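I opened this model to record its overall make-up and then to follow one helix in detail. The entries below are in the order of the look-ups.

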Amino acid sequence: MVTLEKSETKETDADPEAIQDGGLAAGVITAREALFQAVSHLGPAAGIIILAPVIAGLVGASSPLLLIAAMVAVLLTGLCVVSLARKLPSAGGYYTYVSNSLGGRAGFVTSWSYLLYDPPQPAFILLATGGILQPVIEQQLGITIPWWLLTLVLIAIVTALTLLGAKLSARATVLLGLFETVVIVAYAVAVLIHTGHVSAEPFAFPHVDSQQSLFLAFAFSVLLFTGFESAAPLAEETVAPRKVIPRVVMLSILLVGAVWVFVDYALVMGWGIDKATGIADEPSPFFTLANVVAPWLWILVAFALLNSALAISLAGVNAGSRVMYALGRAGLFPKSFGRTHTKWQTPWTAILATAAFNAVLAIGVGVWLGPVPGAAFIGLIITLGVIVVYVLGNLSVPVLYWKRYRPEWNIVRHGVIPAVATAILLLGLYYSLVPIPLYPNNIVLFFVAGWLVLGVVIATTLWRTHKAEFESAGAVMFSGDNAGEEGKDD
């Protein structure tokens, strides 16, 4: 068994003997690459560029404080993922977690909800990127690059990288994640230097017009962190996953959370504390502020946003396709989804299906609503889907440890933390539904409700005739790590 120390200092090639029945390549992803898989999925640049103005519009200059509060809250859900990943490392991710705890039916409903969350991420982020960058490029350079062209080119790049192998796409994720993190932090430093002063006021409790504004800002801040667990489905390809994946989960939240707090603080200080609520009224506040600081700074922000979009899409396709692979391998999806390429050892059918789906979704919704409103439409679907997934995962912790690992049961870690984390997520769900959004986003509510009901019906029906497949998918099918050598949740 490869140790964590070795994984951090030496890149491990796949062991052909560890690849069973044409499965995923074992041990090809190092600890560092798994970390940046999660970091890139969070999107250090794109996430804050897209959501910081919304949060500031609700709580003004206190948005950095809300981000800190959200980071603490998400760490609670992260601890739940840590408890699960130490016992159940698998490409199935949340499906494996829930099916081994709450049963095969609940596991399928989790994956059914997951399809609302991770697979549409590339379409969401590339639509938003196209909608933001097209007018900026037109204004700065006088060149028109259609949003749909940016979308299709980026989808093609993501597809090629992920098809060529998890090792290649993981390395690309490391480089892209480093680049965008450095750029967005450098941008924040430049803004603070130009501003010429600092203040502790952004960390004071906000004075808001209504309590709903405060909780809604908190909900948006929590949702900003979705994707921290994206390294979990790569467990079968990661060295020493029972040690690496839990550490990756917590480190990704802390690292990206620190970057977001710093960048958001710079945005508030650069814009002006007394005028911070007006950030939401500006179409592209990060670019507006960049032009004030330096006439060339917008170029770095544009590259960071574009790079972040590519990195998020890479992480999304990697994670989403491997969950589809696990379900296809178990017979709950078409068998073709459970096949890997003979040379690259990647789930090529699932990857191509994910790419085609995102291309159709992005172009279709973008033409219907426009790129930015279309991204908001898809984003609402993702929001509802991820809350369902996280809640089911959190509820799995007490059940799993009470039923199968009772000697390790801890009332705080396996009882209180999952309960508090679930309450926070349900709070976010509530303020996603109340008040009911206007057209066309109100369509999302009916679509998601119908999707979940359909998933329950399918799970109930399939359980009667395909119980063995449910149980097979719920098992930890893992190569390259001793299945009997479980991590201790301490």
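For the entry on helix bending, I take the bend at a residue as the angle between two axes, one fitted to the seven residues ending there and one to the seven starting there. The model is predicted.

Entry 1, overall make-up. I counted 18 helices and 0 strands in the protein. Of its 490 residues, 59% are buried. I looked up contacts between residues at least 6 apart in sequence and found that 82% of them join residues at least 24 apart. The exposed surface comes to about 18,900 Å², of which carbon and sulfur atoms supply 67%.

Entry 2, the nonpolar core. The largest core holds 146 residues, and Ile 48, Tyr 187, Phe 225, Phe 286 and Phe 287 have the most contacts inside it. Helix α11 (residues 241-271) gives this core its largest share, 17 residues.

Entry 3, helix α3. I checked the length of α3 (residues 46-59): at 1.5 Å a residue its 14 residues should span 20 Å, and the end C-alpha atoms are 20 Å apart, so the two agree. The helix nevertheless bends by about 35° at Ala 52, with Pro 53 following within four residues. Both Ala 52 and Pro 53 are buried, as are Ile 48 and Ile 49, among others in α3. After the helix comes Gly 60, with a positive phi near 65°.

Entry 4, Ile 48. Which residues does Ile 48 touch, leaving aside those up to four places away in sequence? I noted Gly 43, Pro 53, Leu 67, Ile 184, Leu 224, Trp 260, Val 263, Asp 264 and Phe 286.

Definitions and conventions: Residues are numbered from 1 along each chain as its sequence is written. This is a predicted model: local features need pLDDT of at least 70, side-chain atom pairs count only at pLDDT 80 or more; totals for chains, interfaces and linings use all residues. Side-chain values use heavy atoms; hydrogens and water are left out. Helices (H or I, at least four residues) and strands (E, at least two) are DSSP runs, numbered from the N terminus. Buried means under 20% relative accessible area, exposed over 50%, partly exposed in between (1.4 Å probe, protein chains only). Contact means heavy atoms within 4.5 Å. Accessible areas come from the Shrake-Rupley method with a 1.4 Å probe; for residues, only the protein chains shown count as cover. A nonpolar core is a set of buried Ala, Val, Leu, Ile, Met, Phe, Trp, Tyr and Cys residues joined through side-chain atoms within 4.5 Å. The expected span of a helix is 1.5 Å times one less than its number of residues.
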